[in-house]
Amino acid sequence: MRQIGIIGLGNMGEALLRTLLSSQVQKEQVICAESKTDRADFIRKTYEVDFTAPVQVVSEAHKTIIAVKPQDAEGLLRAISPSVEDSKLLISIMAGITTSSILSMLGKPAKVVRVMPNICVQVAEGAMGISPNYHVTAEEIHEVGQLLKPLGTVVEVSEGLMDAVTALGGSGPAFVLHFLEALIDAGVRMGLPRDKSRLLAAQTIKGTMKMLEVEGMHPTLMKEMVTSPGGTTIAGLIYLEEEGFKGKLVRALEEARNRAGELSK
Ligand SMILES: NC(=O)c1ccc[n+]([C@@H]2O[C@H](COP(=O)([O-])OP(=O)(O)OC[C@H]3O[C@@H](n4cnc5c(N)ncnc54)[C@H](OP(=O)(O)O)[C@@H]3O)[C@@H](O)[C@H]2O)c1
C-alpha cells in the first residue's frame, strides 16, 4: 500500500508532488495517474514515480489527491468509484467542486477532504483552506494537515467558507501583485527609474512580511510603529482612508468570493 496517490499531474499536481517529495514522502510511497502520455513520461523521468490508471491509484494508496480540472471531475470520479472504500481518503483540490457533488458523482459515501491551495504552493509558501466532510475523523484531518504542511500554511474551515478561501488565498496573489504594481508606478511617477522602483517596492513588501513573522506582531501595531505624529506615513494613510481604499479592497474580495460561488454552481 502506498502512502499517497496523485491523479492529474498538471501544474498543481506537479507542484504538490515536488514539494511532498522534498519533505517527508519517499518516491516509492507515491503512485500517480495522468491522462496525457507525454506529461506522464516527463513526470516519471523527472521524479522517478510510478504511474498507473486512476482506479488503480485509489486502490493502491491510502490517500489520493485529485488534481484534475473541475470539468474532468465527473468522468474521473465515476472511473475511480469501484476502488473507493471506507479506509480510503480522497483529497480534492478541484476548485468549486463541493464534497456533496463529489459523493454524488462517486455514487457512494466516501471520506473527502476539500483543499483550496493557491499558486504559492509551488514555492512551499501556499495558503490553503481545508474542509473535511462528516465521514472524516479528527485524526485523519490532522494527518492531511501534516501532509500539506510542507506546502505552506493550512487552515481548517467549514465548507461554506471555501469560496472565501478561494477569494483570499486563490485570487489573493493577484491582488497583492496589483498593489505591488501600484507601488512601482508610484515610484516611477515620483521620478524613480522603473527597475529601482521595482526593487524597492518588492523588498518593502517582503521586508514587512518578514518583520511581522519574526516579531510575531499584529499588523495594526506594526503600522502604528511606522506612523509618527505629523509625519509622512499618516499623510498618505489619511488619503487612502478618504478614498475608501480598505472598503474597496474588501468589496473586491467579496466580488471574487461571489464569483467563486457562481462558478461552483
Ligand atoms: N492553478 C491554481 O492556482 C489552482 C489553485 C487552486 C486549485 N486548483 C485546482 O487544481 C486543479 C488542477 O489545476 P491545474 O492548473 O494543475 O490543471 P492542469 O494543468 O490542466 O492539470 C490537470 C491534469 O490532469 C489531467 N487529467 C484530466 N483528467 C484526468 C484523468 N481522468 N486521469 C488522469 N489525469 C487526468 C489533465 O490532462 P488533460 O489536459 O489531457 O485533460 C492535466 O494534465 C484544478 O481542479 C484547479 O481547479 C488550481
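Guide: Two residues are in contact if their C-beta atoms, placed from the backbone, lie within 7 Å. This is a predicted model, and among its contacts between residues at least 6 apart in sequence, 65% join residues at least 24 apart.

Visitor: What makes up the chain, and what share of its residues count as buried?

Guide: The chain holds 12 helices and eight strands, and 29% of its 265 residues count as buried.

Visitor: Why is α4 called oblique to α5?

Guide: The axes of α4 (residues 73-80) and α5 (residues 99-106) come within 8 Å and cross at roughly 55°. Angles under 35 degrees count as roughly parallel and those from 65 to 115 as roughly perpendicular, and the crossing angle falls in neither range, which makes α4 oblique to α5. The crossing is right-handed.

Visitor: Which residues make this contact, and how do they divide into nonpolar, polar and charged?

Guide: On the α4 side the contact is made by A73, E74, L77 and R78, and on the α5 side by I102, M105 and L106. These residues of the contact divide into five nonpolar, no polar and two charged, and E74 and R78 count as charged because Glu and Arg belong to that class.

Visitor: How do you know that the buried residues of α4 lie on the same side of the helix?

Guide: The buried residues in α4 are L76, L77 and I80. They cover an arc of only 95° around the axis, and therefore they sit on the same side of α4.

Visitor: What covers these buried residues of α4?

Guide: The covering elements include β1 (2-7), α3 (54-60), β4 (61-66) and α5.

Definitions and conventions: Residues numbered from 1 in each chain as written. Predicted model: local features only at pLDDT ≥ 70, side-chain atom pairs only at ≥ 80, totals over all residues. Axes fitted to C-alpha atoms, helices over the stretch in contact; angles between N-to-C directions. Helix = DSSP H or I, 4+ residues; strand = E, 2+ residues; numbered from the N terminus. Parallel < 35°, antiparallel > 145°, perpendicular 65-115°, else oblique. Left-handed = near helix turned anticlockwise from the far one by under 90°. Buried ≥ 20, exposed ≤ 12 C-beta atoms within 10 Å, placed from the backbone. Arc of directions from axis to C-beta.
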